[in-house]
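I opened the model to look up one helix and the contact between two chains, and these are my entries.

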Amino acid sequence: MKIAIVDYGMGNLRSVAKALEHVAPAAQVIVTSDPAVLDAADRVVVPGQGALHDCMREFLARGLREAVERASRTKPFLGVCVGMQMLFDHGEEGDTAGLALIAGDVPRFSSAMTAADGSHLKVPHMGWNRVDAARAHPMFEGIEAGARFYFVHSYYCAPRNAADAVASTQYGIAFTSAVARDNIFATQFHPEKSASAGLRLLSNFVRWNP
Amino acid sequence: MLAKRIIPCLDVNAGRVVKGVNFVELRDAGDPVEIARRYDDQGADEITFLDITASSDDRDIILHVVEQVAEQVFIPLTVGGGVREVADVRRLLNAGADKVSMNTAAVNNPQLVADASGKVGSQCIVVAIDAKQVAPGKWQVFTHGGRKNTGLDAIEWAQRVAALGAGEILLTSMDRDGTKNGFDLGLTRAVSDAVSIPVIASGGVGNLQHLADGVTEGRADAVLAASIFHFGQHTVREAKEYMRDQGIEVRL
């Protein structure tokens with residue numbers, strides 16, 4: 001099995017690759033910016049770190065749009081963090097147009113949110129928070145309800161169609177922490193940094209046949 | 001709800017974990033990869049490596065340590081020590097670090113914080129602040145292990161690095177570091193309330209109540225400790241269970 005990790009020059013792809021190699025030792029994990037390699041892969045992962053506008057710019061500059069859109073229609077496809085945000089219509093960060101594969105926007109957390117004790121909630125939302133599945137999905141198999149995953153982000157995805165939201169997380173508000181539609185699955189959290197729960201999700205991805 | 005994080009810190013000298021006792025004697029505490037795995041098993045939320053290697057010849061050893069840990073431990077890894085330029089940040093991230101911490105280099109050249117966060121994203125940039133109390137309710141930033149006063153006000157400096165693009169602050173009380181008397185809670189709370197980014201409390205942990213106090217009274221988003229974990233006094237899991245029993249949200 002070939003798993004392609006889309007490399008567009010942003011962020012640390014090594015941890016995603018290492019985690020996939022850990023859960024799928026027999027798979028060939030390829031970090032690539034070559035559309036032909038994406039076309040030939042069995043599964044595609046779009047990671048992402050940093051600012052949405054920088055990610056989209058680098059992504060488009062490398063001519064990856066068509067190949068990633070093809071993958072999103074034809075094979076198991078996983079977006080992570082900014083790789084999830086890029087799937088949406090529009091991001092508030094840098095007033096950025098996304099790939100519009102999932103309808104909705106990516107607004108910023110309000111800096112005026114407060115916790116129960118009256119202290120203000122920090123932005124970025126950084127650390128381990130609970131992920132509550134909205135419905136059963138093969139990607140959540142073997143993961144306990146409300147398991148904690150590692151997040152680090154200041155913007156969150158707001159899908160227009162409730163059916164696209166597959167999990168939510170509380171941080172001042174309830175926001176969508178994972179989306180799923182057909183063969184697309186995407187998480188705001190970082191499964192590759194989320195210890196056993198994250199490794200289980202990646203292992204589910206390797207076995208997922210939508 | 002977001003959990004408060006517990007972060008074991010490993011001081012690494014030429015590839016070995018060491019811990020200074022009362023600032024002097026460096027005790028060997030073991031192999032960093034083995035220790036990182038143990039803390040991961042115990043439920044550590046992140047691990048911080050501080051490279052204290054003095055010899056420049058041995059500088060690259062930390063890269064190999066990070067590479068090995070990143071292949072086996074799937075939680076966030078922060079690495080600090082000896083970071084002087086953006087290229088150092090990139091090298092550590094490429095080796096497998098998720099965040100890079102800078103201290104003296106940021107004081108000497110605050111633009112480095114902006115340049116580094118602009119290149120790799122704020123989420124990867126931690127600014128470490130070593131602070132000492134100089135008057136009631138007033139703390140200043142020190143470098144060189146607490147020997148050199150920069151004259152910067154710790155709260156103003158924290159606000160400045162946050163504005164420059166730091167994603168997190170690692171705040172160490174030089175008055176408390178190594179004392180086992182607990183965090184400087186006044187300092188922790190003053191800085192945490194003054195910035196919108198997460199603050200990690202550090203310096204002075206001697207027992208589990210100190211960790212809980214850092215969160216409840218210091219309003220820290222995460223607590224960092226070294227010696228209470230290294231020498232078997234407590235496991236990370238014990239620390240988390242203790243905090244949970246105090247009503248603190250933790251990942252167990």
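Before the first entry I note that helices here are DSSP runs of H or I with at least four residues, numbered from the N terminus. The model is a predicted one.

Entry on the helix. I looked up α3 of chain B, which covers residues 86–95, and found its buried residues to be Val86(B), Asp88(B), Val89(B), Leu92(B), Leu93(B) and Ala95(B). Just after α3(B), I noted that Gly96(B) takes a positive phi of about 130°. I then asked which elements the buried residues of α3(B) pack against. Within chain B they pack against α2 (61–70), β5 (77–80), β6 (99–102), α5 (111–120) and β7 (125–135), and in chain A against α1 (14–23).

Entry on the interface. I found 40 residues of chain B in contact with 31 residues of chain A, and the two chains bury about 2800 Å² between them, with 54% of that area on carbon and sulfur atoms. Leu2(B), Phe74(B) and Gln123(B) supply 27% of the area that chain B buries against chain A, which is more than any other three residues supply.

Entry on polar pairs. Across the interface of chain B and chain A the rule finds 5 salt bridges. I looked up Lys193(A), which forms a salt bridge with Asp98(B), the closest N and O atoms being 2.8 Å apart. I also recorded 16 residue pairs in polar contact between chain B and chain A, both residues being at pLDDT 80 or more.

Entry on the chain B side. On the side of chain B that touches chain A, α2, α3 and α7 (185–194) of chain B each supply at least two residues, and the largest share, 3 residues, comes from α3(B). I divided the residues of that side into 18 nonpolar, 8 polar and 14 charged.

Terms used: Residues are numbered from 1 along each chain as its sequence is written. Chains are lettered from A and ligands numbered from 1 in the order in which they are written. This is a predicted model: local features need pLDDT of at least 70, side-chain atom pairs count only at pLDDT 80 or more; totals for chains, interfaces and linings use all residues. Side-chain values use heavy atoms; hydrogens and water are left out. Buried means under 20% relative accessible area, exposed over 50%, partly exposed in between (1.4 Å probe, protein chains only). Contact means heavy atoms within 4.5 Å. Buried area is the accessible area (1.4 Å probe) that two parts lose on being put together, summed over both. A salt bridge is a side-chain nitrogen of Lys or Arg within 4 Å of a carboxyl oxygen of Asp or Glu. A polar contact is a pair of N or O atoms within 3.5 Å; within protein, one must be able to donate a hydrogen and the other to accept it, and residues adjacent in sequence count only if both atoms are side-chain atoms. Ala, Val, Leu, Ile, Met, Phe, Trp, Tyr, Cys and Pro count as nonpolar, Asp, Glu, Lys and Arg as charged, and the others, Gly among them, as polar.
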